[in-house]
Amino acid sequence: MIPQTFKEVIDLGDGREISIETGKLAKQAHGSVVVRMGDAMLLCTVVSSYTPTTMDFFPLTLDYREKFAAAGRFPGGYFKREARPSSEEILVMRLVDRVLRPLFPKDYKFETQVMIQLMSHDPEVMPDALAGLAASAAIQVSDIPFEAPISEVRVARIDGELMINPSFEQLEKADLDIMVGASADSVMMVEGEMDEISEEEMADAIKFAHEAIKVQCEAQSRLRVAAGKTEIREYEVAEGDEDLQQKIYDAVYQKAYDVAKQGSTKQERSEAFSNLKEEVLAMFTEEELEEKQKLISSYFGEAHKKAVRDVVLKEGIRLDGRKTTEIRPIWCEVDYLPSPHGSSVFTRGETQALATVTLGTSREANQVDLPTYQGEENFYLHYNFPPFSTGEAYPIRGTSRREIGHGNLAQRALKGMIPADCPYTVRVVSEVLESNGSSSMATVCAGTMALMDAGVQLKKPVSGIAMGLISDGEDFAVLSDILGDEDHLGDMDFKVTGTADGITACQMDIKIKGLSYEILVKALKQARDGRLHILGKLTDTIAEPNTNVKAHAPKIITRRIPGDYIGALIGPGGKVIQELQKETKTEIVINEDPVTEEGIVEILGTSQEGIDKVLAKIDSITFKPEKGSVYEVKVIKLLDFGAVVEYLEAPGNEVLLHISELAWERTNNVTDVVNLGDVIDVKYFGIDPKTRKEKVSRKALLPRPERTERPERKEGGDRNHNKRDDRKPRNDNK
């Protein structure tokens, strides 16, 4: 029996369209859709348990995977099977999760799993831009409670024009690349990178994205109705207790207000609020605590949150006593670590990042092998967030999604400032040593200084700042350089990075509905003031990149050679290049330019003498004398029939100087003209057609002697004199 399917089509307005279909695949899932654009097809399913968990948070799992079969490729590695998700897939998971999670009911504690799989790949379509739409559409055709449909789109600006969901090729030409997630009413998430754009340009791009998202949300609503999925499941909700809520509010609010108003350190605040909670718990018997522990903790959190927010809105004072636009004290240091190629420490308030830079050849490039993209990164940044940075102790089980996401944001912030002609592969590692508010932005600042300390010629230094927002619907306050608590208690977390001339990257999560673009622009402009203040601290510490890399850091020289000489430089079985590396204590990497077919030779070493030896060897191997040119040579061997000479500008390149080319006069012995070790000039004539060997000549550079005139002959028989006399008598009979 052919299943009944339902389909909606979204017209992007430029000949491209997106379709959403349900009813054909994965029908045992609670919701299932196939989203298609061109030949790209995403299957998304959602399942939510009917049994509540005992967790205090919503247990949502979001998974995004790109199948290699979707692109007609085999997975790399020994087992030939997709394994753990790549960093790029994890980044997509984060993008979708951040928009979906806030729209589930706050009291919904049922384990929910959203799975998005790329089943067919189109080289002209970037599937990550469709993942949010697929996830929301799958929920819409289920009975799972969800506030409203959402979607995500990519916006790029190419030649001054904004467009939705560009191709890979189009994106390479863009000076703005952002992902925007939103419902029909509100923008909820923005993340991307830019080429030093203004705050107004940023806001225009977000508006442009939101208009496209509204159309996609309407299509999901139509699909939901057409498929008859209008029923919402009933679920067990924990009962509230208004009297208990009011009792705790009365006991907590003013005391929490007073703690928040006095301004204190993280440790002091934590201790004060902890003592306050102990006072509240002491108000109840053991039986009451056992019965209503979760409600008491929840109501305490609500009163605490409202008190802190009210202090900001009414008093203009923040938890640590700062004004809304004030930046925490900053101190910086470069060249802190003696062995790395570059290092720096950036400390802002109670947040500290230690960054290191390592320089290498193209061999150290980060290889990216995905079904949708294959390439390499010559600049990449890794971010580590150990538990001690927040005074905690817990086991470390691999790199967390948070670490991947924060590292990616910092990498995008800085990569546009790495010059195109930087010969190195550059790796930045940020070790977060303390954290109380925006360690990712501390990473950007520390990374900038470490790169400059390493001698990487950054186009411009980059700084970053995290902004917050508190709003009660009427009044609002935009907070510069937010604390961790302000991130948790506020309505917006907005990270912005940039140079003195514009924004290079951003990441925004908005927790309230209907944020006006006026407030958004105000936040962006206030962020610019904060960025410039922080940038001044960075440039006070290190004004510009060091002219040279450090003495212990490797120097790199790049040389291009004709493709015909690559084999000669490598040698049979790699013998030549291996011996050369060992002798000169350098690292030599050879790549072939696919366009020119030239060899690109990278020489990496700490000793300039070693690098010079490699360059001399390359010159020797690739030396090709020009016909008609004069070269200085050294006599290295004497033979009976000539001398073997070596080109001084290309040691190791030998040629025979034949005895007949030593001088115009007849030469009986080679040593009559040259001796071992003599340096002379010769002229190169190319390949001699008679001998089919290279020909050089010394005599060609010497003045030719004048001819001696022969004596005049007498008239008469002198010419044939004795000619007949030598003959035998003629035999006429023959």
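Okay, a quick one to start: which residue in the turn between strand 26 and strand 27 has a positive phi? Keep that in mind, and we'll get there in a couple of minutes. Before anything else, please remember that this is a predicted model.

So, the layout. The domain assignment splits the protein into five pieces: domain 1 is 6-227, domain 2 is 242-315, domain 3 is 330-392 plus 399-541, domain 4 is 555-622, and domain 5 is 629-701. If you take centres over C-alpha atoms, domain 2 and domain 4 sit 68 Å apart. I'll stick to domains 4 and 5 today.

Domain 4 first, residues 555-622. Here you'll find an open sheet with three strands, ordered 22-24-23, and the pairing is antiparallel. Strand 22, residues 555-561, and strand 23, residues 587-592, are at the edges with a single partner strand each, so each has one side with no neighbour in the sheet. Going from one strand to the next, the twist averages 20 degrees.

Now look at how strand 22 meets strand 24, which is residues 599-605: they run antiparallel, and there are seven bridges between them. If you want a spot to click on, try Arg-559, which has Val-601 of strand 24 opposite. Then there's helix 14, residues 608-622, packed on this sheet and touching strands 22, 23 and 24. The helix direction makes about 5 degrees with that of strand 22.

On to the other end. UniProt has an unreviewed entry that annotates residues 628-699 as "domain: S1 motif". In the model, that span is 47% strand and 0% helix, and its end C-alpha atoms are 14 Å apart.

My pick in there is strand 26, residues 642-647. Is it buried or exposed? Mostly covered, as it turns out: six of its six residues are buried. On one pairing, strand 25, residues 630-639, joins strand 26 through six bridges, running antiparallel. Those two make a hairpin with two residues in between. On the other pairing, strand 26 goes antiparallel with strand 27, residues 654-658, over five bridges.

Val-644 is a nice residue to follow here. Its bridge partner in strand 25 is Lys-637, and its bridge partner in strand 27 is Leu-656.

And that brings us back to the opening question. Strands 26 and 27 also form a hairpin, with six residues between them, and the one to look at in the turn is Gly-652, with a positive phi of about 100 degrees.

That's it from me, happy to pull up the structure.

Conventions. Residues are numbered from 1 along each chain as its sequence is written. This is a predicted model: local features need pLDDT of at least 70, side-chain atom pairs count only at pLDDT 80 or more; totals for chains, interfaces and linings use all residues. Side-chain values use heavy atoms; hydrogens and water are left out. Two strands pair if DSSP finds at least two bridges between them. Helices (H or I, at least four residues) and strands (E, at least two) are DSSP runs, numbered from the N terminus. Axes are lines fitted to C-alpha atoms, for helices over the stretch in contact, and angles run from 0 to 180 degrees between N-to-C directions. Contact means heavy atoms within 4.5 Å. UniProt positions are given in the numbering used here, feature names are shortened, and annotations may be inferred rather than shown by experiment. Domain bounds come from an automatic or database domain assignment. Buried means under 20% relative accessible area, exposed over 50%, partly exposed in between (1.4 Å probe, protein chains only).
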